[in-house]
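Thanks for making the time this morning. I would like to walk you through one structure, and please stop me wherever something is unclear.

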Amino acid sequence: MSLTTVHRQRQQLRKEISDGIKERFIPPSSILIHWDSKLIKYLTGKVDDRVAILISGKPDLENPKLLGIPVIANSTGEAQHNAVIDLLREWKVFDKVVGLVFDTTASNTGRLKGSATSIEKTLGRAVLWFACRHHVYEIHVKHVSDSVMGKRNSPSEALFVRFQKDWKDFDQEQSNLVLFDWEVNDDLINVGHQVLEWATGCLASKTFPREDYRELVQLTVLFLGGTVPDFRFRKPGAHHHARFMAYSIYFLKMQLLSYQFEMSHEESKAVKEMSIFIALFHSEAFLKSRLSTISPAVDLKYLSLMQLYKQENLAAATVAIKSVHNHLWYLTEEAVVLSIFDSELDSALRQRLVEKLLTIPRPKSYAPGKPKFPKINSAGTIIDYPNQLTTFLGPRSWLLFSLLNLGDECFDWMYTPVDSWKNMAGYKKIEKIVRSFEVVNDCAERAIKLISDFKDTVVKVTDQEYLFQVIEDHRTHFTSFNKSSLKNL
């Protein structure tokens, strides 16, 4: 059998498997759309704009489903819109869309020509706008870093390169670590104790989707003076602009080992300031950001904490506050209603949220359009966290319930005390849907990684699409290569 025959048979088999996946696909009752674009360069030198398009829809879809990674003419909002709409129709989920999940680039969020705006317009109805929360919190911390460290001019900063180069010479015993100085004002002391309690609890529960998340929490605990059983420093890895996670880990390691790592006075001061910011304000907010129902409260708390941070670093806090005001996606009328299902909030506040919502007439229709951010004057006003959440409710707060298309019997719980909600079928049904909302765009980034890894395996775009479906299906069935998984081969 010739290599050509083998190659042709493999292509045909991939097509058959891919076609079978699409034929067996059962559209969920409601979905969120995820997309992300990237310029892909092949070994041949050819360059294409590709956009990864996925949908999520728990509980019907256990994991996000890849629809495709088509070639687009360019990375404009219009081109991405066309690709998204085509695949929604191809997979017969056009009328199932209740929300959009996106990175906050201008091509996505532009009021007139952004892809989100165009997608919603083509759908012909208003849907929920969920800016990727990982992306948003990385924007916040990057702005603070630029304020403290100065703007970064290259993917490999000299300070990080030096630290990585000197790593082999460090004594990594935990007896001489440089920790957080608790000689600060009472407000920051309280924040530190609260974060330490939260982070210690995270380590005890051992629920981390990624190992770098675990490492960030471990370093936060160490920096705040806590104990991490069986801890060992990990060798510094790659660092680049795409993700600030690596930067956060670098800053904390450099500070903890700063008694050995030679830095100038300015560098030492900047690393210390960034470590304080990451430990007290960034780690918890970032790692909680993927949870939909607590998103409004987390954002409002973050804004209130920046008021306290002014006492530590006025310039950096001011930059952070400005960044938050540019990304109030989860404090809009449409999204703040998620707080009703936030079990971490006081029951009385959740009751007030529902009572306030019931005083607002329910609109008969909702015009499509980019959500309007609330006006929060945080210049000299103290943020009333969390009670201020009630002030953000409005007529469009009913949009979520309208999109779910549920009968009136599913809203009986709104007229009862909070303590009884968990026993009522209507509340449990809505809560299950809302809690499962994927408000991060990590799945689209993983799809971009997929095409980056396999872009040169086959040449034709159609054959690539078949291959991506086969790989995704395989990874769904075989999540690891341990013995228990391999027995299913």
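I will take one helix, then the aromatic rings, and then some backbone details.

Please keep in mind throughout that this is a predicted model.

Let me start with helix α12, which covers residues 314-325. At 1.5 Å a residue, its 12 residues should span 16 Å, and since the C-alpha atoms at its two ends are indeed 16 Å apart, the expected and the modelled lengths agree. Which residues of α12 are buried? They are Ala316, Ala317, Ala320, Ile321, Ser323 and Val324. Looking down the axis of α12, one finds these buried residues within an arc of 160 degrees, and therefore they line one face of the helix. Their packing partners are α5, residues 133-149, and α11, residues 295-309, while on the other side of α12 we have Leu314 and Lys322, which are exposed. The N-terminal end of α12 is capped by asparagine 313, with a side-chain oxygen of that residue placed 3.4 Å from the backbone nitrogen of alanine 315.

Now to the aromatic rings. A pair of such rings is described by how far apart the centres are and by the angle of the planes. In this model the count comes to 36 aromatic pairs. One of them is formed by tyrosine 213 and phenylalanine 286, and it is edge-to-face, at 6.0 Å centre to centre and with 85 degrees between the planes. This pair links distant parts of the chain, given that tyrosine 213 belongs to helix α8, residues 211-223, and phenylalanine 286 to helix α10, residues 265-288, with the two positions 73 residues apart. Are these two residues buried or exposed? Both tyrosine 213 and phenylalanine 286 are buried.

Phenylalanine 244 and tyrosine 247 give us a stacked pair, because their ring centres are 5.1 Å apart and their planes meet at 20 degrees, which is under the 30 degrees required for stacking. Phenylalanine 244 has 1% relative accessibility and so counts as buried, and tyrosine 247, at 0%, counts as buried as well. These two residues also belong to one aromatic cluster, whose members include Phe160, Trp167, Phe231, Tyr250 and Phe261.

Rings also meet charges in this model. The charged end of arginine 89 sits over the ring of phenylalanine 94, at 4.8 Å from the ring centre, and the charged end of arginine 133 sits over the ring of tyrosine 330, at 4.6 Å from the centre of that ring.

Finally, the backbone. As background, most residues other than glycine have a negative phi, and most peptide bonds are trans. Where, then, do we find cis peptide bonds? One runs from lysine 58 to proline 59, with omega near 0 degrees, and proline 59 lies in the loop between β2 and β3. Another runs from tyrosine 385 to proline 386, with omega near -5 degrees, and proline 386 is in the loop between α14 and α15.

As for positive phi values, lysine 206 has one near 55 degrees, and this residue lies in the loop between α7 and α8, where its relative accessibility of 61% means that lysine 206 counts as exposed. Asparagine 405 likewise has a positive phi, of about 55 degrees, although it is not a glycine. Asparagine 405 lies in the loop between α15 and α16, and with a relative accessible area of 66% it is exposed.

Conventions: Residues numbered from 1 in each chain as written. Predicted model: local features only at pLDDT ≥ 70, side-chain atom pairs only at ≥ 80, totals over all residues. Heavy atoms only, no water. Helix = DSSP H or I, 4+ residues; strand = E, 2+ residues; numbered from the N terminus. Expected span 1.5 Å × (residues − 1). Buried < 20%, exposed > 50% of the residue type's maximum accessible area, 1.4 Å probe, protein only. Arc of directions from axis to C-beta. Contact = heavy atoms within 4.5 Å. Polar contact = N/O pair within 3.5 Å; in protein donor to acceptor, adjacent residues only side chain to side chain. Phe/Tyr/Trp six-rings, centres within 6.5 Å; stacked < 30°, edge-to-face > 60°. Lys NZ or Arg CZ within 6 Å of the ring centre and 35° of its normal.
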